[in-house]
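Hi,

Here is the structure I promised to pass on. Have a look at it first; my notes follow below.

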Amino acid sequence: MSKNLKGLKGKSYNEVMNEWAAQQSFLRRASSGLLRPGYDVTGYARLWGWLWRMLILTGVPLLLYMGVLRVYGKGPAFNTQMTAEVKRFLGAENVVLGATRWDLNGELRIASMKVQGKSANIFQDLKAENLSTWITVPNVFKSDWHLKSVDSVKASISLRPGGSPKVASGSPESGSKLLTAGWGIKPDFSLLTVDQYKSDSLTLTWGGNPATTGELTGSNATLTHNGADWDLLLAGGTFRQGWFDQIRVLNAKVKITPERAVFEKGEFAIAGGGNGTLTGNIALGEFPEVDLTINVENTPFHPFLPEFFQNYVKALSKGTIKLSGSTNRSTGILMDCNFDLLSGKIIGVPVFRALELATEETHVAQPEIKGGHVRFTSQGTQENGGFLLEASDVVLDCGANLKIGLTIRHERKEVQASNAREAAAATGDSVSLTTVGTIRIGLPPETFTKLKPAIRQEFFTREDQGLHWMEAPYRMEDGEFTKDTADRIIALHNGGK
């Protein structure tokens, strides 16, 4: 006490009180700083002082956490987590994901995805490149992710014959969570919902033998959830079913229900000109049943023929193709084709070149088609890998100069190796092609009389519709169509009788 009083000696009361006030002000200012506003701050300034201090105290740890989260979203642990969840979602046998990356702006990207389906999956194999979707920061911490759209630059799907028609929208598997959350990210893909799938270039393949094999390549596809169903929109791409090849898809809309796929709209173009439409439906299940109708107008005829026949006929046509059957049976898809020929030409058939030589009429070598009709069917055989095309009603009208009738039986078989040596020597598919039938050619009397008697006697057996008709059976395993008949006509002509 005496010590404190010593310091006050010689000072007035006011001086003492001023020093005391200065000490109090210093202590109050010292208590201000990062953790609290100054003692002399009032009103909104004091509120703002508390607010920015709170933001700093919470924001710095949050920024550090977001940085860690961003690193995790690009790392192998996140890739492993996504791989397991995608496998769970698809109910697949195996899933391999390329580099995965989730950014704080919500974009989730996957460089590539390869999926091997189980027997219950609609697909056997699925591959996709450059997948992307959006899942925002608040939603990424939820277990039930809801994705508006999953997009891919390129995707290819090999469909399983008779597979489940269900589009993946959550695995039916139940049980405990497969993975623990990584830094708070905890998706449970059994709860995942996706509104839409998109691909800039989709390839679909199906079928396991020539009678069922088909594909759609390079199509821009959008699959959108519509209540309990899905709507598939296709634009562009090339379609093939068996020998029905090089069909350019303009646009198509398919409604997919649990029971069937209904083609509400389908428009396509034929290579070389012409167009057509596709309508009908496919009943889904273990044995998918096809009921489709293709209508074509003013289109080249040869694209509708097996490759072997395409070089012989160039014609403009219109017609209908009815498809029925199942992709999960050895007989495959039955294609019942009816065409009216409008115009065209027959090219490079040896028997007509021989008749030109024998009659000295040049128009016989490459007959002009003025009209006619063609009906043929194609489907698989009970033998695995077998394919059969049959035509019993083919009539080509070449005006007053020529009429042609034709029957065809064209069969394709896969030849199996009979011993180990043949199997070891095989470098690819061994295929046997057999073509048999009868060609009927009707010539007018003025042309018929130009043939030498030996030719008329051996080949021309009847008269009908004011024409003289020849019938020549043919069989082709190797060589040219009707070559044997042509060689015989030339031999008889050169024989001089």
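A residue counts as buried here when its relative accessible area is under 20%. Keep in mind that this is a predicted model.

Start with helix α7, residues 350-359. This helix is mostly covered, with 7 of its 10 residues buried. The buried ones are Pro350, Val351, Phe352, Ala354, Leu355, Ala358 and Thr359. Right after α7 comes Glu360, and its phi is positive, near 60°.

Phe352 also turns up in the core. The largest nonpolar core holds 109 residues. Trp145, Phe352 and Phe376 touch the most other members.

What is Phe376 in contact with, once its neighbours within four places in sequence are left aside? The partners are Trp243, Phe301, Phe304, Leu305, Met335, Asp336, Cys337, Phe339, Leu389, Glu390 and Ala391. Two acidic names are in there, Asp336 and Glu390.

Now the cavities. There are 2 of 30 Å³ or more. The largest has about 290 Å³ of space. Its lining is made up of 20 residues. Val313, Val394, Leu396, Leu406 and Ile408 lie nearest the centre. Four strands each give two or more residues to this lining: β17 (333-346), β19 (371-380), β20 (387-397) and β21 (403-414). β20 gives the most, with 4 residues.

Which classes make up that lining: nonpolar, polar or charged? It has 20 nonpolar residues, no polar ones and no charged ones.

Best wishes

Notes:
Residues are numbered from 1 along each chain as its sequence is written. This is a predicted model: local features need pLDDT of at least 70, side-chain atom pairs count only at pLDDT 80 or more; totals for chains, interfaces and linings use all residues. Side-chain values use heavy atoms; hydrogens and water are left out. On a 1 Å grid over the protein atoms alone, a cavity is a set of points where a 1.4 Å probe fits but cannot get out, and a pocket is an open set with protein on both sides within 12 Å along at least five of seven lines; lining residues have an atom within 4 Å of a point. Grid points are joined across faces, edges and corners, and a volume is the space filled by probe spheres set on the points. Ala, Val, Leu, Ile, Met, Phe, Trp, Tyr, Cys and Pro count as nonpolar, Asp, Glu, Lys and Arg as charged, and the others, Gly among them, as polar. A nonpolar core is a set of buried Ala, Val, Leu, Ile, Met, Phe, Trp, Tyr and Cys residues joined through side-chain atoms within 4.5 Å. Buried means under 20% relative accessible area, exposed over 50%, partly exposed in between (1.4 Å probe, protein chains only). Contact means heavy atoms within 4.5 Å.
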